[in-house]
Amino acid sequence: KLLSLALQPVITPKLVENRAHLKCAFERPSSHQPLRYEVLWSRLSDAGAKAEIRRDTTEQPFSYLEVDGVHLRLGDTAFCTVTAFMKDTPDQQSLPEESSGFYAGIKFLPESLQIAEDGKEHVLTILSTVPITCSKNDDSCKITFQLSTEDLGSRLAAAPDVALSSCRVDLHPAACTASGCAAAALTVTAVTDVVRHPRHGTRIGAKADERSGPLWRDHAPKDVQVTVQDLPTGNCYSFTDPHIITFDGW
């Protein structure tokens, strides 16, 4: 017999004993019957299928899973599926309810940029969805990411497509909110090279430095692809000996 319950499981990041965890919390039905819960943790595999990580049976309306770099790694998308059943009659179960996927790791916001060679600055944020963890005796706890750019396609000039306001960013520990656990911002500007070529682009990547722990050092967030659009540039020219036409048309 299946019971219809609104468990509504939700995954949030938590710092437990200086280690990054995910917490699957769900609603406890207002019932006089004592209930137990089975929580199935899973993640998306490289092939796009869900792979089981662990099953928990608990009487509490929550379950924790550590981001340990083995069973759940940075860069994985995790799910939790909750089924309730009667403590005295375990054959009476509820319909399984699955949470939304939770991406655990570092990501760029926005995930792609379309900019023009107009000199304007565009904000790019690097965000951690899980708590920043360091060794307990580290007084200046932070994770440093080195940024890199890679031109896409053939180029007519040696100059890069974009300029970054910084080549490295630091993520410091902070209280987790609905938007994330740590963030740092930089600006991206298209380089005006006065060269006309088809719409081109640059890939921006980030990699944690060698001083970071293995959990962070082995994680490479998804690159940001920046598409750069040429804009018409000013021209100046001269004809016959005394006549000069300037950029502003005089």
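How much area is buried between domain 1 and domain 2, and what share of it do carbon and sulfur atoms give? The area comes to about 1100 Å², with 71% from carbon and sulfur atoms, where buried area is the accessible area (1.4 Å probe) that two parts lose on being put together, summed over both.

Before selecting anything, keep in mind that this is a predicted model, in which local features need pLDDT of at least 70 and side-chain atom pairs count only at pLDDT 80 or more, while totals for chains, interfaces and linings use all residues. Residues are numbered from 1 along each chain as its sequence is written, and side-chain values use heavy atoms, with hydrogens and water left out.

**Stop 1: the two domains**

Colour residues 10–104 as domain 1 and residues 106–229 as domain 2; these bounds come from an automatic or database domain assignment. The C-alpha centres of domain 1 and domain 2 are 32 Å apart.

**Stop 2: the interface**

Now select the residues that meet between the domains: 15 residues of domain 1 are in contact with 14 residues of domain 2, contact meaning heavy atoms within 4.5 Å. On the side of domain 1, pick out Asn 18, Leu 74 and Tyr 103, which supply 54% of the area that domain 1 buries against domain 2, more than any other three residues. Across this interface the rule finds zero salt bridges, a salt bridge being a side-chain nitrogen of Lys or Arg within 4 Å of a carboxyl oxygen of Asp or Glu. The rule does find three residue pairs in polar contact across the interface, both residues at pLDDT 80 or more. A polar contact is a pair of N or O atoms within 3.5 Å; within protein, one must be able to donate a hydrogen and the other to accept it, and residues adjacent in sequence count only if both atoms are side-chain atoms.

Show the strands next, since β2 (10–16), β3 (19–25) and β10 (102–104) each supply at least two residues of the side of domain 1 that touches domain 2. Helices (H or I, at least four residues) and strands (E, at least two) are DSSP runs, numbered from the N terminus. By class, that side of domain 1 has nine nonpolar, three polar and three charged residues; Ala, Val, Leu, Ile, Met, Phe, Trp, Tyr, Cys and Pro count as nonpolar, Asp, Glu, Lys and Arg as charged, and the others, Gly among them, as polar.

**Stop 3: Thr 133**

Select Thr 133, which is in the loop between β13 and β14. Is Thr 133 buried or exposed? At 13% relative accessibility it counts as buried, where buried means under 20% relative accessible area, exposed over 50%, and partly exposed in between (1.4 Å probe, protein chains only). Its side chain makes a polar contact with the side chain of Trp 216 at 3.2 Å. Beyond its neighbours within four places in sequence, Thr 133 is in contact with residues including Leu 15, Asn 18, Arg 19 and Ala 20, as well as Leu 215 and Trp 216.

**Stop 4: salt bridges**

Move from Thr 133 to Arg 19, one of its contacts. Arg 19 forms a salt bridge with Glu 66, the closest N and O atoms being 3.2 Å apart. Because Arg 19 lies in strand β3 and Glu 66 in strand β6 (residues 62–66), the pair ties together parts that are 47 residues apart in sequence. Arg 19 is partly exposed at 38% relative accessible area, and Glu 66 is partly exposed at 26%. Add Glu 17 to the selection, and you have a network of salt bridges that links Glu 17, Arg 19 and Glu 66.

Next, select Arg 55 and Glu 38, whose side chains meet in a salt bridge (3.1 Å, N to O). Arg 55 lies in strand β5 (residues 50–58) and Glu 38 in strand β4 (residues 35–44), so this pair ties together parts that are 17 residues apart in sequence.

**Stop 5: Glu 117**

Finish at Glu 117, in the loop between β12 (112–116) and β13 (122–128). Glu 117 is buried, with a relative accessible area of 9%. Leaving out residues up to four places away in sequence, Glu 117 touches a set of residues including Ala 190, Val 191, Thr 192 and Asp 193, along with His 200 and Val 228.
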